[in-house]
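Got a minute to look at some charged side chains? Here's a walk through who pairs with whom.

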Amino acid sequence: MTRMSSTENYKKFIRIFPFSCVDILLFKDNSILLTKRTQNPYKNYWHLPGHMIRKNETMKQAVKRAARDELNLNVIIQRYVGVFESLNSFRHDISHGFVVKSKSGKIKTDFQSKEIKFFKRIPKNTIPHQKKMIKEARKNNKNLF
């Protein structure tokens, strides 16, 4: 029996199943932190940092791991925003949004992003379901700004 590589498993999985993900919403002075993706899906789009949830990992654990891995931050989760779906030809993501506050660390990007910036207005080339997530977080959390 041949053992499949993780890349082969991933390619097989994305054809059949959706991914359960977490996205991080970090606000500062009424601005949202976004990074510019270096990889597909949505290469060269602005996006919320986040990760797929791993087996035996809670969503909250995934949020904290994503903040450490993608932003070099330790965060405190302030609230759950909701669930948002992305259906595209590349992959089907079911994303859970979490508003966080930085506890420690200095923001920097990882290999998945080439730029990082706070935006008062959401850029046009932002991932569509994440635009909805940001708007929902702003609408329901005026006290964060």
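What follows is a tour of the salt bridges, with a short stop near the start of the chain.

Keep in mind that this is a predicted model. Let's begin with Ser 5, which sits in the segment just before helix H1 (6–16). With a relative accessible area of 33%, Ser 5 is partly exposed. Ser 5 and Val 22 are 17 residues apart in sequence, and their C-alpha atoms are 25 Å apart in space.

Now for the charges. Side chains of opposite charge can pair when their charged atoms come close. Here there are three salt bridges. One of them joins Glu 115 to Lys 36, at 3.9 Å from N to O. That pair links distant parts of the chain: Glu 115 belongs to strand S7 (residues 113–119) and Lys 36 to strand S2 (residues 31–37), 79 residues apart. Glu 115 is partly exposed at 36% relative accessible area, while Lys 36 has 16% and counts as buried because the cut-off is under 20%.

Next up is Arg 65, whose side chain meets that of Glu 57 in a salt bridge at 2.7 Å, N to O. Arg 65 is buried, at 7% relative accessible area. Glu 57, at 17%, counts as buried too.

Finally, head to helix H3 (residues 128–139), home to both Glu 136 and Lys 139. These two form a salt bridge, with their closest N and O atoms 3.2 Å apart. They are three residues apart, about one turn of the helix. Glu 136 is partly exposed at 24% relative accessibility, whereas Lys 139, at 53%, is exposed.

Terms used
Residues are numbered from 1 along each chain as its sequence is written. This is a predicted model: local features need pLDDT of at least 70, side-chain atom pairs count only at pLDDT 80 or more; totals for chains, interfaces and linings use all residues. Side-chain values use heavy atoms; hydrogens and water are left out. Helices (H or I, at least four residues) and strands (E, at least two) are DSSP runs, numbered from the N terminus. Buried means under 20% relative accessible area, exposed over 50%, partly exposed in between (1.4 Å probe, protein chains only). A salt bridge is a side-chain nitrogen of Lys or Arg within 4 Å of a carboxyl oxygen of Asp or Glu.
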